[in-house]
Amino acid sequence: MASRNPESASPFPPGYDRQARLAHADEVYRAIRSRRTFKGGLSSEPIPDEYVERILEAARWAPSGANTQPWEVIVVKERELIQQIGLFFTDGFTKMKTAQPDFPVDNKKYMCHVPLMLVVIGDKRFINCYPQVGGWDGCVEIFYSSLAAFVQNIHLMACALGLGSTWGTCFSFHEINLKKLLGIPDIYRTFAVIPIGWPRAKRKDSWRKPVASFVHAERYDPARLKSTAEFREWIGPVRYSRLRSDGRVHADPAPAIEYGSLVAWDVNLDSRYGDSFPAPSRANGGAA
Ligand SMILES: Cc1cc2nc3c(=O)[nH]c(=O)nc-3n(C[C@H](O)[C@H](O)[C@H](O)COP(=O)(O)O)c2cc1C
């Protein structure tokens with residue numbers, strides 16, 4: 001192997017085409033940066049099959065734990081089915097508003113009229129295929145993270161094609177209805193419903209916290225650990241003031257949130273999955 005001159009100021013390997021790489025990186029960044037979640041504003045004109053194929057082709061190149069590719073997707077174009085799924089989500093909106101009135105959720109009515117929905121599902125038996133080293137939480141995480149990577153690729157390619165899409169979370173009440181309507185066997189997790197359509201107008205830009213606010217150099221900087229009060233400030237007033245749009249801080253008062261519900265995240269996954277997926281005794285062959 002040719003050794004590099006340690007005196008050389010260049011951090012780039014020989015033959016590295018910096019200009020070409022930067023141009024490529026710009027393109028990738030543009031696709032990532034221009035993606036927006038559409039919570040309405042999508043027209044119902046059909047989407048060419050060729051576009052759907054491109055989206056699915058991009059999706060399948062997502063990374064997955066041990067390359068298990070735990071995803072499957074139901075491509076829904078039938079108007080009646082789309083309308084019905086949209087109704088599940090508008091019903092979900094009512095449930096959410098009742099349970100947590102301040103949560104900023106849109107009414108989802110637009111979902112009834114999009115020309116395409118992708119329903120991403122994953123066979124939960126894949127959870128069994130990841131390394132069983134000290135509990136199920138890692139395995140569950142690999143499963144869902146793999147599905148999430150698949151979904152993100154869908155959004156990116158849809159955006160690159162000029163389409164608008166939304167990441168629709170499936171809560172259990174959505175899942176029960178979707179399984180019935182689309183005949184999805186029980187062993188699957190109905191992970192996400194992605195309505196896709198043609199944007200009627202450009203979406204307002206979104207907001208992200210600056211890089212410096214989430215990066216630690218070399219080691220975790222304990223001075224940056226948020227106190228509970230700071231955390232509440234962040235998840236509440238700070239985030240809410242920017243949530244809907246453009247990164248500017250808006251004058252409207254932040255809604256109150258019930259923080260107690262956050263504790264529910266700290267669930268014991270062993271007990272949750274233990275019954276249906278007894279820990280296997282075999283050696284696990286794959287690497288995550
Ligand atoms: C895991 C995940 C779940 C989400 N679930 C929903 C959802 O159920 N409904 C929805 O309208 N948007 C959902 N979103 C979209 C977010 O609201 C959106 O990404 C966020 O507000 C930032 O907006 P942007 O994507 O336009 O930048 C979800 C996003 C992620 C990553």
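This text walks through a predicted model of one chain, from its overall layout to its strands, core and ligand.

The chain holds seven helices and six strands. Read from the N terminus, these elements follow the order α-β-α-β-α-β-α-β-β-α-β-α-α. Of the 288 residues, 22% count as buried. Contacts often bridge long stretches of sequence: among those between residues at least 6 apart, 79% join residues at least 24 apart.

Begin with helix 1, which covers residues 18-34. None of its 17 residues counts as buried, so helix 1 lies largely in the open. Its length can be checked with simple arithmetic. At 1.5 Å a residue, a helix of 17 residues should span 24 Å, and the C-alpha atoms at the two ends of helix 1 are indeed 24 Å apart. The step of 1.5 Å is counted between neighbours, so the multiplier is one less than the number of residues.

Helix 4 passes the check too. With 24 residues, helix 4 should span 34 Å, and its end C-alpha atoms are 34 Å apart, which agrees. After helix 4 comes glycine 162, whose phi is positive, near 90 degrees.

Next come the strands, and strand 6 is a useful place to start. Nine of its twelve residues are buried, so strand 6 is largely enclosed by the rest of the structure. Which strand is joined to strand 6 by eight bridges? It is strand 3, and the two run antiparallel. Within this pairing, aspartate 123 stands opposite tyrosine 188, and glycine 122 stands opposite arginine 189. The numbers show the antiparallel sense: stepping back from 123 to 122 on one strand goes with stepping forward from 188 to 189 on the other.

Strand 6 has further antiparallel partners. Strand 1, residues 42-43, pairs with strand 6 over two bridges, and here leucine 42 faces proline 199. Strand 4, residues 164-165, is also joined to strand 6 by two bridges, with glycine 197 as the bridge partner of glycine 164. Strand 5, residues 168-169, makes two bridges to strand 6 as well, and threonine 169 has alanine 192 as its partner there.

Strand 3 is mostly covered, with seven of its eight residues buried. Besides strand 6, strand 3 pairs with strand 2, in the antiparallel sense and over six bridges. In that pairing, glutamate 72 stands opposite isoleucine 121 of strand 3.

Now turn to the interior. The largest nonpolar core has 43 residues, and those touching the most other members are Ile85, Met117, Leu118, Val119, Val120, Ile154 and Ile194. Helices 2, 3 and 4 and strands 2, 3 and 6 each supply at least two residues of this core. Which element gives the largest share? Helix 4 does, with ten residues.

Isoleucine 154 gives a closer view of the contacts. Leaving out residues up to four places away in sequence, Ile154 touches Ile55, Ala59, Leu118, Ser165 and Ile194.

Finally, look at the ligand. Which residues surround it? They are Arg36, Thr37, Lys39, Thr166, Trp167, Gly168, Thr169 and Ser206. By class, this shell divides into one nonpolar, five polar and two charged residues. Threonine 169, named in this shell, was met above as the bridge partner of alanine 192 in strand 6.

Conventions
Residues are numbered from 1 along each chain as its sequence is written. This is a predicted model: local features need pLDDT of at least 70, side-chain atom pairs count only at pLDDT 80 or more; totals for chains, interfaces and linings use all residues. A residue is near a molecule or strand if its C-beta atom, placed from the backbone, lies within 6 Å of it. Ala, Val, Leu, Ile, Met, Phe, Trp, Tyr, Cys and Pro count as nonpolar, Asp, Glu, Lys and Arg as charged, and the others, Gly among them, as polar. A nonpolar core is a set of buried Ala, Val, Leu, Ile, Met, Phe, Trp, Tyr and Cys residues joined through C-beta atoms within 7 Å. A residue is buried if 20 or more other C-beta atoms lie within 10 Å of its own, exposed if 12 or fewer, and partly exposed in between; C-beta atoms are placed from the backbone. Helices (H or I, at least four residues) and strands (E, at least two) are DSSP runs, numbered from the N terminus. Two residues are in contact if their C-beta atoms, placed from the backbone, lie within 7 Å. Two strands pair if DSSP finds at least two bridges between them.
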